[in-house]
Structure formats: C-alpha cells, structure tokens
Number of protein chains: 2
Amino acid sequence: MNYPNGIKRKNTISILTHKNRGMTLENDINETNEYYREIDKAYIYKKPTPIKITKVDYPSRDKAVIKEAFFTVPSTTDYNGIYKGKYIDFEAKETKNKTSFPLANIHSHQIEHIKNVYKHNGVVFLIIRFVTLNKTYLLLGKEFINFITDNTRKSIPLSFFEEHAYLLKDGYRPRLDYLKIIDKIIGGI
Amino acid sequence: MNYPNGIKRKNTISILTHKNRGMTLENDINETNEYYREIDKAYIYKKPTPIKITKVDYPSRDKAVIKEAFFTVPSTTDYNGIYKGKYIDFEAKETKNKTSFPLANIHSHQIEHIKNVYKHNGVVFLIIRFVTLNKTYLLLGKEFINFITDNTRKSIPLSFFEEHAYLLKDGYRPRLDYLKIIDKIIGGI
C-alpha cells in the first residue's frame, strides 16, 4: 500500500527507538503502559504495526521468516485497553512543527474511529508531542472532534492545545502519567 | 522468536483465509465485527499479527517493503474493542480435536491477560470452534479461569464447554452473533 507519511513515520520511529531508547513519544508511552501493568493499574497496549504479508519462508520446520510484507494503513488508533473497567483508546503523534499539529498525521480511518469510540462512551484522546518545543499534550477526543467539525484548517494550532488540551509533564516512572489526566475526566470511579 | 505452534497456526489461518474465504473462524468473526460496525453496534477489531521487523527496503521514495520480519508471541488476545461503553476482549481458536480443547493453543501471556481484564471488570471471553464437530462455543473468561485454577489438565474437555459455555449458532449476517450472548451477561445496559 502506498502510504508515504505513514511508512516514513513508522520507520523513523523504529530507528529512533532503537538508537536512543526512551527519547521518542512511543517509547515514553510504552514504558508508561508497562509501569501501569506492573502496578496493576491499567492494561493498555500498543497494537502491532498493521502489515500485509505476501511471502513467508521456512528455513527450518519450526521457524518462519517473513520475506516480503507491506505496511498498511491502520483502521484504528495505535493504543487501547482497559482502565477502571472503561475502554481506553488513543493515538500518539510527534510533530517537529512549532506552531501547529498537521492533521495529515491522523488518517481518515482513525478520525472515524475516534468519533465512533467517543459516541459509544469510550475514553478516547490524542497524545501530541511538539518535539521542538518539548511539550506533550493530551487532547480529548471530544475537543479534537469539535475542532475538525468547526474548522476547515489542515492543522490544529498550538494555541488550541494551550486552551483545550492538558499539558503532560515528563516523569521518571511513569514517564508520561496520562492516566492522572484521565482520572480528572472520568472522576473517582 | 522461535514459536513453532504460534507461527504454524498463524500461517495456516492466513492461508486458509486466503484459499476459502469465510470458512475459518477468523473470517466469521472479522465479518461479524464488520457487520457490528456497519450497524453502529460495536467497534471490535482483530489486532494485527505481532511481528518484529528486521529489514526494510525502499524501492522508491514513497514505498517501503519489509524484506525480513519474524512472528512474535502475542502479549494479549487477538480481538478487543468497545460495546455499550464496555471494554470487550477475546481470543478465538479453532481445534480439530473432537473431545477437548488443548490449552497449548492459548499462550501463557494471553492467560495472564484474560485474568487481568477479568479482574479489571472488562468483558473477556474465548470463542472456541471444534472444527470437526462444527460447534462453536463462547466461554466466559471467568469460567476459563475457574477451569485452569481447579484443574491441572492440559486440555478443556468438550463436556466442560457443554456445561459452562454458550453454543454460538452460525448465521448469515452476522455470521456469529456473539454479542447476543454478551447482552445476556452485561444485561440490558
């Protein structure tokens, strides 16, 4: 499947993750989710990268090697799971842009998915990191949907995050305590 | 990662799915989930097959081809999503065995995951098809956990399904209306 941005992004992330572990948003979230599981707080996982496998080899009876596969466009967000009995669902994205978050980073399938989860009372949100500004925001699905409904812009300005999103502070363990924000929203359930 | 059964199973399923579409449990569930999405009833998806990508080529600037990857053991179940605001999570397996379901089909990670989701009030279950008997059962996570807690057996006898699981009838649309059973359990929410 021809999906330049998606593919470049995935590949970039995997390289970064490998080179300087812990520097990417994906790593911060994965380690945060591991921590939540360790303390039995929440069970939230990143979905595997969706691919279409076209060739598989069997060098030995009990081993398979994928020899050809292609990245495909995700139909949902990357992260989901359970917290306090509730369905949790979110997408995480980094941008080098200093003034706005380009909506091209979120596929149309994912926007539809966010709308559907919100409509069905799931806890859905975006975690957006402005890498150059070193700022990470949690934007609720509701606010995200409001923005794309009320605007024709191709990007969400930083000012919208400053007004409508929650700033996530970096920590040691967990790296990015996003459930602290979710607690405020779902209340002391 | 060396995981003979897991790999064989995955590969077998993908080939079957391709050869005689609609004949496998995976297909029945995927088409059922598509139907649930179409009628805006539930948003439940199969997670992509977990793999570790080790080589990626770029034949052209905007196209990536995975040239080497390996199947990895899933840390969670294959299917999850949202229904009536609740977190839904399940694993689906086929067996050719006529008298029992071999527990080797469920990885230890998945058993732990089922326990955790149950403990955190998610709606978690197994869908097991006895291919040769042409019988498909929905076994609640609670019953599954009870069985493995009370038994040292390496397989769940058919009789246990007959007593403690729900028989799922094949249909046209949806193919396998498993949410009808879930409705009985979560009540008229």
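Me: How many residues does each chain bring to the contact?

Reply: Contact means heavy atoms within 4.5 Å. In this predicted model, 46 residues of chain A and 45 residues of chain B take part. Local features need pLDDT of at least 70, side-chain atom pairs count only at pLDDT 80 or more, and totals for chains, interfaces and linings use all residues. Residues are numbered from 1 along each chain as its sequence is written, chains are lettered from A in the order in which they are written, and side-chain values use heavy atoms, leaving out hydrogens and water.

Me: What area do chain A and chain B bury between them?

Reply: The size of an interface is often given as the accessible area lost when the parts come together. Buried area is that loss (1.4 Å probe), summed over both parts. Here the two chains bury about 3900 Å², with 60% of it on carbon and sulfur atoms. Within chain A, the residues losing the most area to chain B are Ile66(A), Tyr87(A) and His120(A), together 15% of what that side buries.

Me: How many salt bridges are counted between chain A and chain B?

Reply: A salt bridge places a side-chain nitrogen of Lys or Arg within 4 Å of a carboxyl oxygen of Asp or Glu. The count between the chains is two. One of them joins Asp40(A) to Lys119(B), with the closest N and O atoms 3.3 Å apart.

Me: Which strand of chain B is joined to β3(A)?

Reply: Strands are DSSP runs (E, at least two residues), numbered from the N terminus, and two strands pair if DSSP finds at least two bridges between them. Strand β3 (residues 63-71) of chain B runs antiparallel to β3(A), and two bridges join them. Ala69(A) stands opposite Ile66(B) in β3(B).

Key:
Helices (H or I, at least four residues) and strands (E, at least two) are DSSP runs, numbered from the N terminus.
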